[in-house]
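Hi,

Here is the structure I promised to hand over. Have a look at it first, and then read on for what turned up.

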Amino acid sequence: MTGRPAVFVDRDGVLVADEGVRPADAELVPLPGVVEALATLYRAGFAVVVVTNQSVVARGLATELEVDAAHARLDAVLRSRGAFIDRWETCPHHPDATLPAYRVACACRKPRPGMLLRAAEALGLDVDASWMVGDRPSDVAAGARAGCRTVLVTTGRHDDAPIVSADAPFVVAPTHICAGLAEAVAVIVGAAP
Ligand SMILES: [Mg+2]
Ligand SMILES: [Zn+2]
């Protein structure tokens, strides 16, 4: 397969602190080292795609517009500091959603790989040369199912999600375990293609 390599990045617990449900208009503040890590990926020629499950939408705690607006504000802050996000992918669904419109077993909610595959199609990415960085087993599973190498980072609440669920019946070991996005990016940039 040809195309640009990408790094798919989870949002909560990787780019910003995982604070659970926050007010819909809360600002998203990058974790220490995140801006520099994203800038390094840009200079190394990787596309960067954020892939985030936001079941707050399905639960009626924030609207898609509010989530998109928060992403646009964070994107502007990052961009002003040399850290470029090529695409934001959000899954607003949940199989047990409060709002019927979002109550669906979708293809995009991680551990399913739909958001990664959609971005790969849209941007012409080479998933086999790409990586997924996340703080939960569902991130690792989504990345592995898309065909990527994976990094589990320990900056999130990675221990509160079941490793085995009906949707992710297999334990998928990450390619690497790192202390945060900065360390993950050092591994990725240093790895053989
Ligand atoms: Mg996370
Ligand atoms: Zn979805």
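Before anything else, a word on "buried": a residue counts as buried if 20 or more other C-beta atoms lie within 10 Å of its own, exposed if 12 or fewer, and partly exposed in between, with C-beta atoms placed from the backbone. Helices (H or I, at least four residues) and strands (E, at least two) are DSSP runs, numbered from the N terminus. With that in hand, look at strand 1: Ala 6 and Phe 8 point one way from it, Val 7 and Val 9 point the other way, and all are buried.

Some housekeeping: this is a predicted model, in which local features need pLDDT of at least 70 and side-chain atom pairs count only at pLDDT 80 or more, while totals for chains, interfaces and linings use all residues. Residues are numbered from 1 along each chain as its sequence is written, and chains are lettered from A and ligands numbered from 1 in the order in which they are written.

**The whole protein**

The protein has six helices and six strands, and from the N terminus on they run β-α-β-α-α-β-α-β-α-β-β-α. Its C-alpha atoms fill a box of roughly 45 × 40 × 30 Å along the principal axes. The radius of gyration (taken over C-alpha atoms; the globule rule is 2.2 Å times the number of residues to the power 0.38) is 15 Å, which agrees with the value near 16 Å for a compact globule of 193 residues. Buried residues make up 40% of those 193. As for contacts (two residues whose C-beta atoms, placed from the backbone, lie within 7 Å), 70% of the ones with a separation of 6 or more are between residues 24 or more positions apart.

**The sheet**

What order do the strands take in the open sheet? The six of them are arranged 3-2-1-4-5-6, with parallel pairing; two strands pair if DSSP finds at least two bridges between them. Strand 3 (87-91) and strand 6 (176-178) are the edge strands, each pairing on one side only. Neighbouring strands are turned by 20° against each other on average, direction ignored. (Axes here are lines fitted to C-alpha atoms, for helices over the stretch in contact, and angles run from 0 to 180 degrees between N-to-C directions.)

Going back to strand 1 (residues 6-9), four bridges join it to strand 2 (residues 47-53), and the two run parallel. In strand 2, Val 48 is the bridge partner of Val 7. Helix 4 (residues 114-123) packs on the sheet, touching strand 1, strand 2, strand 3 and strand 4 (131-134), and its direction makes about 150° with that of strand 3.

Further along strands 1 and 2, Val 9 stands opposite Val 50. Between these two strands the chain passes through helix 1 (residues 34-43), a right-handed β-α-β crossover; right-handed is the case where, with the strands pointing away from the viewer, the path from the first strand over the helix to the second runs clockwise.

Strand 1 also pairs with strand 4, in the parallel sense over three bridges, and there Phe 8 stands opposite Met 132. Strand 4 in turn pairs with strand 5 over four parallel bridges, where Gly 134 has Leu 152 as its bridge partner. Helix 5 (residues 137-146) carries the chain from strand 4 to strand 5, and this β-α-β crossover is right-handed. Strand 5 and strand 6 are joined by three bridges, again parallel, with Leu 152 opposite Ile 177.

**Strand 5 and Arg 149**

Strand 5 is largely enclosed by the rest of the structure, because four of its five residues are buried. Is Arg 149, which lies in strand 5 (residues 149-153), partly exposed or buried? Arg 149 is partly exposed, because 19 other C-beta atoms lie within 10 Å. Beyond its neighbours within four places in sequence, Arg 149 is in contact with Trp 131 and Thr 175.

**The core, and one odd bond**

The largest nonpolar core (a set of buried Ala, Val, Leu, Ile, Met, Phe, Trp, Tyr and Cys residues joined through C-beta atoms within 7 Å) has 44 residues, of which Val 7, Phe 8, Val 48, Leu 116 and Val 133 touch the most other members. Strand 2 gives the most to this core, with five residues. Leaving aside neighbours within four places in sequence, Val 133 has contacts that include Val 7, Val 151 and Leu 181.

Lastly, the peptide bond from Lys 110 to Pro 111 is cis, with omega near 20°. Pro 111 lies in the loop between strand 3 and helix 4.

Cheers
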